[in-house]
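This report describes one protein model, beginning with its surface and ending with a single residue. Please keep the sequence and the structure in view while reading.

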Amino acid sequence: MRTSIATVSLSGSLTEKLTAAASAGFDGVELFENDLLASPLTPEEIRARTADLGLTIDLYQPMRDIEAVPPKEFERNLRRAEHKFRLMNRLGTDTVLVCSSVSPLAVDDDALAAEQLDRLAQSAQEHGVRVAYEALAWGRHVSTYDHAWRIVEAAGHPALGTCLDSFHILARGSDPKGIEGIPGEKIFFLQLADAPLMAMDVLQWSRHYRCFPGQGGLDVTGLVRHVINAGYTGPLSLEVFNDVFRQADAGPTAVDARRSLMLLQEAAGIAAPPAPVQPTGFAFAELTTPDAGAVSSLLGALGLARTARHRSKPVELWERGDARILVTTDPVRHRDGLALAALGLESPDPEGAAARAEALLAPVLPRYRAPEDAPLDAVAAPDGVEIFFCATDRAGLPNWREDFPPLTGPGTGTGTGAGAGDLDPRGAVLSIDHLALTQPWHQFDEAALFHRTVLGLRPQESVDVPDPYGLLRSRAVTNDDGRVRIALGIGPGPADDAGRAQHIALATDDVIAAARAFQDAGGRPLPVPPNYYDDLAARFEFAPGETETYRELGILYDRDEHGTFRHFYTETVGRVFFEVVQREGGYRGYGAQNAPVRLAAQHALRPGRR
């Protein structure tokens, strides 16, 4: 189906919005009246610009407070409408949105509303225009789609139809199944938006918190199925009012918007892009640094060994068990210190995963590769982290490990314990448990949608965590068996540097032994305030001496209905810190209860705060 987006959903000037919509692959736009009024271009120039970009203007919107008003007021409305119809002819668009009235002059009289909308439609038809009547969820007398349809049906004019808006329908809890009783040819337009489930005034909810389909909690997919069953053949159009989107760059927002419609069409059975290929594990995490000294000391203290080096690039492989960390030294491009640059995900079908990503507007990144290097495909996540699709040590598939000849000599090891001192096998690092990736403040919802649609991961519920300077919002995405866990976070504000740290959590079978070994090797755990342990002893029952051990080693503790979670953090190096975790009994969380303590401790260690 054709896709469209309201210009009000994007930031910038009208020309910037049109360019972003076209670049993202939309077929058309809804032209918001305020964007027209603020543009220096004439209607004819706007018409030419959209045509040059391959776009159509599918809807002009909105006309307000038209119907069910006193006669003199309606005559003024008709004069206003006729001016808009002539303007639409100049723009080259033939459908106008009329919202149900919120005017204090409007009366509760369906017959009068139908009569006046019929007269409006007569005038519109003379100009080659159609009128799409929409029920606002906060309309004065008409606030539901079925009520709006009854008025349209009573008017009976061929140039008068209805506009259905998923937010207005679902926010009021209306049953969308009744849409199938509306003739498809009388559904003149379909506007789509999702929203988080919130208990608040519906007008404020609508104006500030709408989001793209798949980013909220409304059943937009089910509504679309009902509209298609009714016989609707027009465009799927996004109308999203969102404070964050209106401040973000229009280009990435438009791509995110188009991707949401692709997911929606897939879920509704309208389109069939390449099937999702869910990752099965972590192949590696790649860190970049101008100087590998500090991170090498940290990895060694954590028990990982430097085992191999890339045959042609300044990249070292550190590993222990199934935990693999690549360290790339690049003093020119990465002057700001240690950062997480890439993530390798084990994929049952790397080619299929790349094809899925390409189809969903996440093109495979160009990268330099020597002829003998393994052909790995990577795409960029919204935060810039590169995602590689890997098949580690699997026969018949490209194997990235073959690019890393083993190292020999002092300071190297096999990855099974060598180079890590005399660390007991218990307490050794076993694997990457999860990653926590803090997103740019305006891309949190985009990141969740990307990981869901492109990577096939399942989003969990959002969690708000108190930070000393605000709230940190976090949402985990996982594969079906929990082997891939990525916690997406957003800091308290756009300028918060501490909130932009990324972290890698390593799994162990004995966190106490791991913490002792880390400190014995010279590692510096994140200091935990004594008050935390006093509270911990009050909240849970422990064996004698257990909390004292946790206090000594900086270990934190959490428990859910499935099991327990013990973990400690390293201090931050550059933008990265590590966590060592031990899950027992099927614990499913990430220690969110302890996050405020961790955040406060990290803020206290920032330069200038000691």
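The protein exposes about 24800 Å², and carbon and sulfur atoms supply 50% of that area. The model is a predicted one. Along the principal axes, its C-alpha trace spans about 90 × 60 × 45 Å. Of the 610 residues in the protein, 57% are buried. The secondary structure consists of 17 helices and 23 strands. Among contacts with a separation of 6 or more, 75% are between residues 24 or more positions apart. The protein carries 59 positive and 82 negative charges, and the mean positions of the two sets are 2 Å apart.

**The eight-stranded sheet**

An open sheet of 8 strands, with mixed pairing, follows the order β17-β18-β19-β16-β20-β23-β22-β21. Strands β17 (458–467) and β21 (556–559) stand at its edges; each has a single partner strand, so one side of each is left without a neighbour in the sheet. From one strand to the next, the twist averages 25°.

At one of these edges, β21 is joined to β22 (residues 564–569). Helix α14 (residues 511–520) lies across β20 (502–508), β22 and β23 (576–584), and runs at about 5° to β22.

**Two antiparallel pairs**

The pairing of β21 with β22 can be set beside that of β10 with β11, as tabulated here.

| Strand pair | Direction | Bridges | Citation |
|---|---|---|---|
| β21 and β22 (residues 564–569) | antiparallel | 4 bridges | |
| β10 (residues 305–309) and β11 (residues 315–320) | antiparallel | 4 bridges | |

Within the first pair, Tyr557 has Arg566 of β22 as its bridge partner. Within the second, Ala305 is partnered by Glu319 of β11. Strands β10 and β11 form a hairpin, with 5 residues between them.

**Asp373 and its surroundings**

Asp373 is found in the loop between α12 (350–359) and β14 (377–380). Is Asp373 buried or exposed? Its relative accessibility is 4%, and the cut-off for a buried residue is under 20%, so Asp373 counts as buried.

Which residues is Asp373 in contact with, leaving aside its neighbours within four places in sequence? They are His310, Arg311, Ser312, Lys313 and Asp403. Asp373 is also 66 residues from Gln439 in sequence, and the two lie 31 Å apart in space, C-alpha to C-alpha.

Terms used. Residues are numbered from 1 along each chain as its sequence is written. This is a predicted model: local features need pLDDT of at least 70, side-chain atom pairs count only at pLDDT 80 or more; totals for chains, interfaces and linings use all residues. Side-chain values use heavy atoms; hydrogens and water are left out. Two strands pair if DSSP finds at least two bridges between them. Helices (H or I, at least four residues) and strands (E, at least two) are DSSP runs, numbered from the N terminus. Buried means under 20% relative accessible area, exposed over 50%, partly exposed in between (1.4 Å probe, protein chains only). Contact means heavy atoms within 4.5 Å. Accessible areas come from the Shrake-Rupley method with a 1.4 Å probe; for residues, only the protein chains shown count as cover. Lys and Arg count as positive and Asp and Glu as negative; His and the chain ends are not counted. The place of a charge is taken as NZ of Lys, CZ of Arg, CG of Asp or CD of Glu. Axes are lines fitted to C-alpha atoms, for helices over the stretch in contact, and angles run from 0 to 180 degrees between N-to-C directions.
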